[in-house]
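Please work through the exercises below with the sequence and the model side by side. Each one sets a task and then solves it step by step.

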Amino acid sequence: MKVNLEPTMNGKPRLRKAPASPVAPPVTQTPAAASPHRVNILMVDDTPENLIALEAVIAVLEQNIIQARSGEEALRLLLKHDFAVILLDVNMPGMNGFETASLIRQRKNSEHTPIIFVTAISTTETHMYKGYSLGAVDYIFTPVMPDVLRTKVGVFVELLKKTEEMKQQSEQLRLIEEKEHRRMLGEATERLELQTKRNRFFTLSIDMLAIAGFGGFFKQLNPTWQKVLGFSEEELYRTHLLDLVHTDDRESFQKQLLGVRAANAPGYFESRCNCRDGGYRWLDWTVAPFQEEELLYLFARDVTGRKRAEQEIKQLNEDLHQRALLLQTANSELQAEIQTRQRAEEALQESNAALEAFSYSVSHDLRAPLRAMQGFGKVLLEDYQTVLDEPGREYAMRIVSASTRMDQLIQDLLIFGRLGHTKLETKPIELDDLLREVLDSIAEELHERNAKVTVNTPLPMVMANKVTLGQVLMNLISNGCKFVASGVIPKVLVRHELIGDRVKLWIEDNGIGIPAEHHARIFGVFERLHGGDDYPGTGIGLAIVKKGIERMGGEVGVQSEPGNGSRFWILLPNAA
Ligand code: ADP
């Protein structure tokens, strides 16, 4: 196509179609990226002169003008750039303008790009319709009127610019909105995180936390409620707060709640709360009312352990008090008892003194006539032997014998009686020495009985009262020599053994022995297993032994069986 410029009415050149030049000049292009404020205009024409002519007309618009010498080239450029408008020559060899336009419309990024067909004025109307049906927005007929072309192109340039501006503005708006949205999202996330963290406090708290309406039902509660009271979450939500409170505490709890609401200030109090297992727990409450929201913020702490400890202490205190009272009573009783005993002791001491006096009088006053009887009996037997007949002598012997026995009895009783109340003072005693003295004192009796007493010396020292121990040893040795079968020579052995810090002294004989069932009895006063002339005695000897040894802090016992002799023992503290 050849475009000739013709003078226009305002004197500017006009584009006219010229025959195609055999050698096409290189297409000049200004890349869109080079001038960002300009838009691209594509001119497609197979005739370089036409392109030059068209460029000359629209150059004044100061946009990027890109030229294409064929439909194919135009399509290639459309792949790279966006265009405000395409000036498309209809009559081109190869792919003509309509075919090019059809392909342009098929592409997504160029389906709305305005196309102005440049065609000869002679072109038929059918031709025009075809162009419009292919999406042409306008037709420019050659010869081109520069003003018209410039105006039309200018409109599309402006349109694209405005569109791009709007795009930019909307992009900016979008960016602003996006930024705002991000900021709001960030804030919301932060709020959510904070809330989540706060919720963690709520959930993890070992205290029971809850929010309840003024109506008395929970709106929110943490899991500690379930743990402490044993109810499920659902049960707690549908139970009225007052129904959770122990019946005995319900009235005061309700009063407290009303007080808190009336004062519009937090309240602190205690109450028992029912548990699912039928028991109850003691709770320490903090209740804060919020009038505007009509909400109660509840904090409850399980203080059952502390309460029970307090109650136990209270109970213990009461018990202690009770015991103290009992103790006081017992003390008074004890005091009374002590006083009674003291009085009894005093009375006893008095009666002991009286007894002492009585003993004295008995020993002196009673024994004197006895000794007279003995003496005169002996005189009768010795000096009036020839005067008295046989029965007379017999009676005189009986008088002497009976008075002697009675004297012995009185003496034994006096010794025994004294042991009952005399305080026995003990000191280290040489047993060897004491035994020698004892044997000397009963030498005559031993001689009469032809008895043989052996002492395994040396014996240790013991803590004892010398007189009493002498009496004890004398009685035991004397018994050992006395209770032997007739015709048997009495043999007594005294030996010892050490048991810890005590001395066990054995007095063993070869006598008649004692049946086991009588071992305890023979230590009682007047207890005698054998009597008569064979074994004379008073039955007080062993009673003196027992009482005397016990009053010195010792023990006494016997091992014996009939026919095998007896082994009496006494146990006394070692004085070494
Ligand atoms: P008494 O010697 O005056 O009879 P005791 O009190 O000394 O009284 O003894 C009580 C009784 O214990 C004696 O009568 C005797 O039956 C029995 N008895 C005491 N010592 C012996 C002994 N060594 N062997 C056998 N029997 C004894």
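**Exercise 1: An open sheet**

Lys 452 stands opposite Lys 491, a residue of strand β14. The model in which this is seen is a predicted one.

Task: Starting from β12, find which strand it is joined to, and work out which strands stand at the edges of the sheet.

Solution. Begin with the neighbour of β12: 4 bridges join β12 to β14, which covers residues 491-499, and the two strands run parallel. Next, place this pair in the whole sheet, which is open, has 5 strands with mixed pairing, and follows the order β12-β14-β15-β17-β16. Reading that order to its ends gives β12 (452-455) and β16 (555-560) as the edge strands; each has a single partner strand, so one side of each is left without a neighbour in the sheet. Finally, the twist from one strand to the next averages 20°.

**Exercise 2: Rings around Phe 253**

Task: Classify the ring pairs that Phe 253 makes with Phe 269 and with Trp 285, and decide whether Phe 253 is buried or exposed.

Solution. A pair of aromatic rings is described by the distance of the centres and the angle of the planes. The whole structure holds 10 aromatic pairs. For Phe 253 and Phe 269 the ring centres are 5.4 Å apart and the planes stand at 85°; an angle over 60 degrees counts as edge-to-face, so this pair is edge-to-face. The two residues belong to distant parts of the chain, 16 residues apart, with Phe 253 in helix α9 (residues 247-263) and Phe 269 in strand β8 (residues 267-274).

Now turn to accessibility, where buried means under 20% relative accessible area. Phe 253 has a relative accessible area of 1% and is therefore buried, and Phe 269, at 6% relative accessibility, also counts as buried.

Then treat the second pair: the ring centres of Phe 253 and Trp 285 lie 5.1 Å apart with planes at 70°, so this pair too is edge-to-face. Here helix α9 is linked to strand β9 (residues 280-290), which holds Trp 285, across 32 residues. Trp 285 counts as buried, at 1% relative accessibility. As a last step, widen the view: ring pairs link Phe 218, Trp 225, Phe 253, Phe 269 and Trp 285 into a cluster.

**Exercise 3: Charges over rings**

Task: Over which rings do the charged ends of Arg 261 and Lys 504 sit?

Solution. Take Arg 261 to begin with: its charged end sits over the ring of Phe 214, 3.9 Å from the ring centre. For Lys 504, the ring beneath the charged end is that of Trp 569, whose centre is 4.4 Å away.

How values were computed:
Residues are numbered from 1 along each chain as its sequence is written. This is a predicted model: local features need pLDDT of at least 70, side-chain atom pairs count only at pLDDT 80 or more; totals for chains, interfaces and linings use all residues. Side-chain values use heavy atoms; hydrogens and water are left out. Two strands pair if DSSP finds at least two bridges between them. Axes are lines fitted to C-alpha atoms, for helices over the stretch in contact, and angles run from 0 to 180 degrees between N-to-C directions. Rings of Phe, Tyr and Trp (its six-membered ring) pair if their centres lie within 6.5 Å; planes under 30 degrees apart count as stacked, over 60 as edge-to-face and the rest as tilted. Buried means under 20% relative accessible area, exposed over 50%, partly exposed in between (1.4 Å probe, protein chains only). A charge sits over a ring if NZ of Lys or CZ of Arg is within 6 Å of the ring centre and within 35 degrees of the ring normal.
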